[in-house]
Each structure stands twice: as C-alpha cells, then as structure tokens.
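The following exercises concern a single protein chain. Each gives a task and then a solution worked step by step.

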Amino acid sequence: MLTRHQIQAVEAGVKKLTKTGKTVIDSPTALAFLKDMLLQKGSGLRAALYAGSTDKLNGAQLADLMRVIEGAGYSAFWYPESRGYESMSLAAYLLSKSTRLTIGSSIANIYARDPFTAQRAMVSLNNLHAGRFVLGLGVSHIPMVEGLRGHRYDKPLGAMRAYLDGIHK
C-alpha cells in the first residue's frame, strides 16, 4: 500500500493542463480546487500527474498508485525512465492496473531501445489498452548513455531526428 507521504509526494507533482498552457499546482488549496473543477462537467479542465520516480515502488504500490490517481479523477499519469524499471514494461503494468488513465513515458531513453522496438511497443501497448499510451522520447544524458549503457552519445538533435526517422519507416 502507498503511504500517505508517497501519495502527497505524487500529488505535489500535479500539472494542470488547460487550453492556454501548463501551470504547476503545488498547494493543497489549489489541488482541492483542481479536483473540484475536474468533477464539474464541461469545465474543459484535464489534470495529469508526473512522478519524479516510480523506481522505489513495488508492484502492489504501483497498482495502488494507479487506483488512487484514477479514483481522484486525473486523466493521465507520466513517468520517467531512469535506472529502475524498463519504460515499456512499466507502461504495460501501469496500463493493466487502470481502466481509463492515459499513461505516458516522459522520457523513454532513445539509447535504451532501437527505433523499431520503440515503435512496436507503442503500437502494441495502444492496441492492447485502447489507445491509452503516449510514447515520450528523450536523449538522456552523457553519463547515462556512455557510462551506464556503453553507447556513444551523439548530438541530441541529430540523434533524435535519426531515431524518429527509424520509427516512421
């Protein structure tokens, strides 16, 4: 089960998405207002949570987190890829533990899997979970890419452009 502290830490990372842009909601009063607005039909307001890290939560805690977030009326949950859970595996698990949340990778490291594998993961997850997965990609950092993964870190724009070309083949 998630502790109260863990739930509060996740709620502190709430992002309010409106038609005009993004605003970080970081106070309990603003969070309560946001939850009230979500319950009002036609408000046009959607809210998503971003978790700074999911790596220290076990399977039961991740399932509980999805239940809490979905029950609170949020529309999406975004998670990063770091040194813990592999991004696509985590997405599959989170999607299986929710019924309507959009789950997004933010970011999935382009050096962790080739473009074909990322594209197939995106298609597979969306086919299996009613189009609720968003693939967010990033180039990571030199220490992670060269030090941890043993790859050569290329110029970010060129590397991302080549990766996206590979996904769209």
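## Exercises with worked solutions

**Exercise 1. Locate Gln 119 and decide whether it is buried or exposed.**

Solution. Step 1: Gln 119 belongs to helix 5 of this predicted model. Step 2: the relative accessible area of Gln 119 is 19%, and the cut-off for a buried residue is under 20%. Gln 119 is therefore buried. Step 3: the C-alpha atoms of Gln 119 and Leu 135 lie 8.8 Å apart, with a separation of 16 residues in sequence.

**Exercise 2. Determine where confidence in the chain is lowest and where it is highest.**

Solution. Step 1: the mean pLDDT of the chain is 78, and 70% of its residues reach 70 or more. Step 2: the lowest confidence falls in strand 1 (residues 14–18), with a mean of 34, and the highest in helix 4 (residues 87–96), at 97. Step 3: over residues 13–27 pLDDT stays under 50, although the model has 32 contacts beyond four places in sequence for them. Where pLDDT is low, predicted coordinates should not be read in detail.

**Exercise 3. Establish how the buried residues of helix 4 are arranged and what they pack against.**

Solution. Step 1: the buried residues of helix 4 are Ser 87, Met 88, Leu 90, Ala 91, Leu 94 and Leu 95. Step 2: viewed down the helix 4 axis, they fall within an arc of 155°, so they line one face of the helix. Step 3: their packing partners include helix 3 (59–71), strand 4 (76–79) and helix 5 (115–128). Step 4: at the start of helix 4, a side-chain oxygen of Glu 86 comes to within 3.2 Å of the backbone nitrogen of Met 88.

**Exercise 4. Identify the residues with the most contacts inside the largest nonpolar core.**

Solution. Step 1: this core has 31 residues, and those with the most contacts inside it are Met 66, Phe 77, Tyr 79, Leu 94, Ile 103 and Phe 133. Step 2: helix 4 gives the most to the core, with 5 residues. Step 3: Ile 103 touches, among others, Met 66, Phe 77, Leu 94 and Phe 133.

**Exercise 5. Compare the settings of Ala 130 and Ser 140.**

Solution. Step 1: Ala 130 has a positive phi of about 55°, and Ser 140 one of about 65°. Most residues other than glycine have a negative phi. Step 2: Ala 130 lies in the loop between helix 5 and strand 7, Ser 140 in the loop between strand 8 (137–138) and helix 6 (142–148). Step 3: Ala 130 is exposed, at 69% relative accessibility, whereas Ser 140 is buried, at 15%.

Methods: Residues are numbered from 1 along each chain as its sequence is written. This is a predicted model: local features need pLDDT of at least 70, side-chain atom pairs count only at pLDDT 80 or more; totals for chains, interfaces and linings use all residues. Side-chain values use heavy atoms; hydrogens and water are left out. pLDDT is the predictor's confidence in each residue, from 0 to 100. Helices (H or I, at least four residues) and strands (E, at least two) are DSSP runs, numbered from the N terminus. Contact means heavy atoms within 4.5 Å. Buried means under 20% relative accessible area, exposed over 50%, partly exposed in between (1.4 Å probe, protein chains only). The arc is that of the directions from the helix axis to the C-beta atoms. A polar contact is a pair of N or O atoms within 3.5 Å; within protein, one must be able to donate a hydrogen and the other to accept it, and residues adjacent in sequence count only if both atoms are side-chain atoms. A nonpolar core is a set of buried Ala, Val, Leu, Ile, Met, Phe, Trp, Tyr and Cys residues joined through side-chain atoms within 4.5 Å.
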